[in-house]
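Trainee: I've got a new model open and I'd like to talk it through with you. Can we go over it piece by piece?

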Amino acid sequence: MNTHASTASSTDDIALELCDLSRTYRLKRGLFRAPGMIKAVDGVSLRIRRGETLGLVGESGCGKSTLAKMLLGLLEPSSGNVLIHGKEINPSKRLALARSIQPIFQDPYSSLNPRRTVGDIVGVPLQLHKVGNDAERKKKVRDILDIVGMPERTHTQYPNQLSGGQRQRVAIARALVLRPDILICDEPTSALDVSVQAQILNLLLDLKAEFGLTYLFISHDLGVVEHLVDRVAVMHRGKIVEQGTREQIFARPEHPYTRMLLASVLTPEPGLGIPELSTETL
Ligand SMILES: Nc1ncnc2c1ncn2[C@@H]1O[C@H](COP(=O)(O)OP(=O)(O)OP(=O)(O)O)[C@@H](O)[C@H]1O
């Protein structure tokens, strides 16, 4: 792996640490496939400092979602471990884990219960964790929905009455209502219209500043990553092939795969043939 010099950190202030994390899947026999094993995540070690945003980039199928699921305790690693604030996570204690780390996924629609109102959806984690009484929970729900920009009239609406951007705001409110300090954002804007993507990214930036959040921001879209992250880790075939600060990765990529990924977001200026970074998605 190429690790740019300044990225190494031995500070105690590490929010999330992945130590030699691997996950293998067993492949069943298919029409055109022999049975076998696939190493979706292969010996990944990463550290994210408190308050930092680390972008994890790589093409579809490189293992990003598998990695995210292990961090959230949704999938057991085949080997290696995950530490949150220095403590190893225990996937069998998912409820406790949810207090410190929460996901925001690509498609909020599939994760929002269609039969519940916005207010109920956001209140569920508070009920599960037995936080406060009814009135206190209602206030927390109202407050967080207000913070993410959902007007009061929407609190009694159902997911199918909302726009894509509003649904993602509800998913963000639900992720934040327990006040975790780490968010795993797995392609949180890739299902949204271009015009809405920027609004959600700005909201994530505002929330980070307001709550001092730590983000792992997973994306195949380097244009999005460049505007949001402090550091970048590049994943290829289950491994981290390069990591460094945003400037190092975007201005001085060292690994051929990183260069190839960057080249794929370069668009030629019409007539000049001079490449410039695409800002299409922002
Ligand atoms: N449950 C599973 N059983 C078998 N193979 C799997 C399973 N889940 C993922 N894989 C395989 O593991 C590899 C990594 O998949 P993963 O979904 O983690 O990648 P990804 O980078 O998140 O891709 P995408 O952005 O398309 O979701 C892929 O080859 C995928 O086909």
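Mentor: Sure, and let's start with a term: two strands pair if DSSP finds at least two bridges between them. Keep in mind that this is a predicted model.

Trainee: Okay, what is the bridge partner of Ser22 in β5?

Mentor: Start with the strands: β2 and strand β5 (residues 79–84) pair in the antiparallel sense over five bridges. Within that pairing, Ser22 has its bridge partner in β5, and that partner is Ser79.

Trainee: And at the other end of β5, which residue in the hairpin of β5 and β6 takes a positive phi?

Mentor: β5 also pairs with strand β6 (residues 87–88), antiparallel again, over two bridges. One of these links Ile84 to Lys87 in β6. The hairpin has two residues between the strands, and the one with a positive phi, near 50°, is His85.

Trainee: Let's move to the open sheet. Why do β1 and β7 each have one side without a neighbour?

Mentor: The sheet has seven strands with mixed pairing, in the order β1-β11-β10-β4-β9-β8-β7. β1 (2–3) and β7 (101–104) stand at the edges, so each is left without a neighbour on one side, having a single partner strand.

Trainee: In β11, what is the bridge partner of Thr3?

Mentor: Here the sense is parallel: β1 and strand β11 (residues 239–245) pair over two bridges. Thr3 is bridged to a residue of β11, namely Gln243.

Trainee: Now the ligand. Which element gives the largest share of the shell around it?

Mentor: The shell includes Tyr25, Leu27, Ile38, Ala40 and a run from Gly58 that takes in Ser60, Gly61, Cys62, Gly63, Lys64, Ser65 and Thr66. Three elements give two or more residues each: β2 (14–27), β3 (36–49) and α1 (64–71). The largest share is three residues, and it comes from α1.

Trainee: By class, how many residues of that shell are charged?

Mentor: Split the shell by class and you get five nonpolar and six polar residues. What remains is the charged class, with a count of one.

Trainee: Is α1 largely enclosed or exposed?

Mentor: Buried here takes 20 or more other C-beta atoms within 10 Å of a residue's own. The α1 residues that pass are Lys64, Thr66, Leu67, Ala68, Lys69, Met70 and Leu71. Just after the helix, Gly73 takes a positive phi of about 75°. With seven of its eight residues buried, α1 is therefore largely enclosed.

Trainee: Zooming out, how many residues of domain 2 are in contact with domain 1?

Mentor: Domain 1 is made of 1–100 + 181–192 + 214–267, and domain 2 is 106–179. Their centres, over C-alpha atoms, are 27 Å apart. On the domain 1 side 10 residues take part, by class six nonpolar, one polar and three charged. For domain 2, the number in contact is 10.

Trainee: Last one: what is the radius of gyration of the chain?

Mentor: The chain holds 10 helices and 13 strands, and its C-alpha trace spans about 55 × 50 × 50 Å along the principal axes. Of the contacts with a separation of 6 or more, 68% join residues 24 or more positions apart. A compact globule of 282 residues would come out near 19 Å, so the chain agrees with that at 20 Å.

Note on methods:
Residues are numbered from 1 along each chain as its sequence is written. This is a predicted model: local features need pLDDT of at least 70, side-chain atom pairs count only at pLDDT 80 or more; totals for chains, interfaces and linings use all residues. Domain bounds come from an automatic or database domain assignment. Two residues are in contact if their C-beta atoms, placed from the backbone, lie within 7 Å. Ala, Val, Leu, Ile, Met, Phe, Trp, Tyr, Cys and Pro count as nonpolar, Asp, Glu, Lys and Arg as charged, and the others, Gly among them, as polar. A residue is near a molecule or strand if its C-beta atom, placed from the backbone, lies within 6 Å of it. Helices (H or I, at least four residues) and strands (E, at least two) are DSSP runs, numbered from the N terminus. The radius of gyration is taken over C-alpha atoms; the globule rule is 2.2 Å times the number of residues to the power 0.38. A residue is buried if 20 or more other C-beta atoms lie within 10 Å of its own, exposed if 12 or fewer, and partly exposed in between; C-beta atoms are placed from the backbone.
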